[in-house]
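Please open the model in your viewer and keep the selection tool at hand. This tour goes from stop to stop, saying at each one what to select and what can be found there.

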Amino acid sequence: MTRAALAFLLPLLLITPAAVAAPAKTPKVLVIGLDGARYDKLLSADTPNIKALLNRGYGARSALYGSGMAQTSSGPGWSTVLTGVWPDKHKVKDNSFAGNALTSYPSWLERANTANPALSTYAAVDWKPISDQILRGGQDRKYVLDGDTAGYTGSDEKITVDAEQHLRTNAADASFVYLGQIDIAGHNSGADSSQYAAAMRTNDAQVGRLVKAIESRSSYASEDWLIMITTDHGHTAAGGHGGDSPEERMTFVISTGSARPAVAPKLVDVAASALRHLGVPAALDGYAIGTAPVDPFDSATLQPRQDETGVPASVLGWTHQGPAGWTVTTASSMPQGVTEWQGWSFTTDDFWTRTAASQWREVNVRARGVFAVADPDEWDDKGSPSSSGKFDSTMTSPGYDVTGKSSVKLEYASHYRQEGTQRGTVSVSFDGGPAQIVRTHNADGLAQQISLNVAVPSGARTARVSWRLFDAGNNWYWAVDAPRLS
């Protein structure tokens, strides 16, 4: 062999089997919807198949919006799950679907089908409005029953049989399977009943059959399956939903895979996760599990109630001590009110919404985990301090490096409810200089995502951002989350 031939062959001879990249697996998605399934009951019930998925992946309780945005009912719930946006966008407020904007916000199945028509898309549902209203297009095959007429026990079984066959033999790239009998048991007998637990056992067995159908596929070893389980709303102990109680707002997301998010995902994350797994880009309200932006507030150490006796003592949910570098300053003239709300506080949905239900605190859907709240309404509930003074508190960020920049983008989630003379301002100070107001909040702005372009003075090196709520008595509130300067 010549020296030139040896030089050509040597690199090929050095390639070992370990150095050859394994072929990429084909992504597949199955989303299973269990109507009206409360997460706490699901965990305490005899549900081994669901728990097996939970143990090999991730699961967490989440919370819905409240009546200020939409009813905790199936129409808004499944629209949110399937579109990946909140009701203020898809406009489904109740089960009538009146005035909806679903043509502007199609389901994740339709988005996947549009982006890649070669994908095999499928849905099997036995609540007919899902088919008629939310899944009007974008499925290569759709199996639909009317559970209200046929009885969900029987129709859930028919749905399962059809889905088993599809998942075992079809390409099944993107599938949604809905089962409804847990919700019916909740309505008929309540979430605390043996009938509700029995319906969970039945649906759990059907979930196990769907998973087994996937695992029996001849091509399973070369596929990358994302399996998710979720619900549209919870149930009261006596049965029913639509209101703002924690039990009615209780939802969850269970997902296989390695993602472990820092805070609990939300229903809008189901569609985002499914599309990302399939490689389909989409700008939605949700994030694929594990991809939500890091939020500094989530590192705050929370404590149990002090004055808010209506909140269970077991719920850790407030502090005035912000994360490292964050400060809260209350005006010396501000009278003492409810301890938890004596100025800006860091809190959670579970704690804050329990303080007073049905006042639109539940609408703060674009906040995740721990967020900041200034709440004069709750502050005033102890001794009416507003009779002798005003609420006035400022939250200030650590310094952000702005060296060499001519402008920066300030972003934060904002949930602001206005009343009376109350005002909220956002200001920026450069290198310790005077604060410049860049935004004033003086009108209702619920569940907003704020983005502001802020000019940076020449030569400035550091910027600090402040949120101030002031001139407030027994008025409303302001919640802020996920602040970012870039």
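Two residues are in contact when heavy atoms of theirs lie within 4.5 Å of each other. With that in mind, select S397, in the loop between β12 and β13, and remember throughout that this is a predicted model. Which residues does S397 contact, once its neighbours within four places in sequence are left aside? They are G325, W326, R464 and V465. S397 counts as buried because its relative accessibility is 2%, and buried means under 20%.

**Strands that pair with β18**

Next, select β18 (462-472) and look at its partners one by one. β12 (391-396) pairs with β18 in the antiparallel sense over 5 bridges, and within this pairing F391 has A472 as its bridge partner. Strand β13, residues 400-401, also runs antiparallel to β18 and is joined to it by 2 bridges; here the bridge partner of D401 is T462. Finally, β15 (423-430) and β18 pair over 8 bridges, again in the antiparallel sense, with S427 placed opposite its bridge partner S466. Strands of a sheet pair through backbone hydrogen bonds, either parallel or antiparallel.

**An open sheet of strands**

Now colour the strands β8, β10, β11, β19, β14 and β17, which in that order make an open sheet of 6 strands with antiparallel pairing. Which strands are at the edges? They are β8 (318-319) and β17, each of which pairs on one side only. To look at one edge in detail, select β8 together with strand β10 (residues 345-348), since the two pair antiparallel over 2 bridges, and find W318, whose bridge partner in β10 is T347.

**The loop before β10**

From β10, step back to P335, which sits in the loop between β9 (327-330) and β10. Is P335 buried or exposed? P335 counts as buried, at 15% relative accessibility. If you also select S387, you will find that its C-alpha is 9.2 Å from that of P335, although the two residues are 52 places apart in sequence. Beyond its neighbours within four places in sequence, P335 is in contact with Q342, W379, P385, S388, G389 and K390.

**The nonpolar cores**

In soluble globular proteins, nonpolar side chains tend to be buried together. The largest nonpolar core here has 48 residues, and M395, L410 and W467 are the ones that touch the most other members. Among the elements that give two or more residues to this core are β12, β14 (407-417), β15 and β18, along with helix α14 (349-355). Select L410 and show its surroundings: not counting residues up to four places away in sequence, L410 touches V426, V438, I450, S451, L452, V454, V465, W467, R484 and L485. Another core, of 45 residues, lies apart from the largest one, and its members include Y65, F97, V270 and A271.

**Two packed helices**

For the last stop, select helix α3 (residues 48-55) and helix α11 (residues 194-215), which pack with their axes 7 Å apart and at an angle of about 55°. That angle makes α3 oblique to α11. On the α3 side, P48, N49, I50 and L53 meet D204, A205, V207, G208 and V211 of α11. The residues of this contact divide into 6 nonpolar, 2 polar and 1 charged.

Conventions:
Residues numbered from 1 in each chain as written. Predicted model: local features only at pLDDT ≥ 70, side-chain atom pairs only at ≥ 80, totals over all residues. Heavy atoms only, no water. Core = buried A, V, L, I, M, F, W, Y, C linked by side-chain atoms within 4.5 Å. Buried < 20%, exposed > 50% of the residue type's maximum accessible area, 1.4 Å probe, protein only. Helix = DSSP H or I, 4+ residues; strand = E, 2+ residues; numbered from the N terminus. Axes fitted to C-alpha atoms, helices over the stretch in contact; angles between N-to-C directions. Parallel < 35°, antiparallel > 145°, perpendicular 65-115°, else oblique. Nonpolar A, V, L, I, M, F, W, Y, C, P; charged D, E, K, R; others polar. Pairing = 2+ DSSP bridges.
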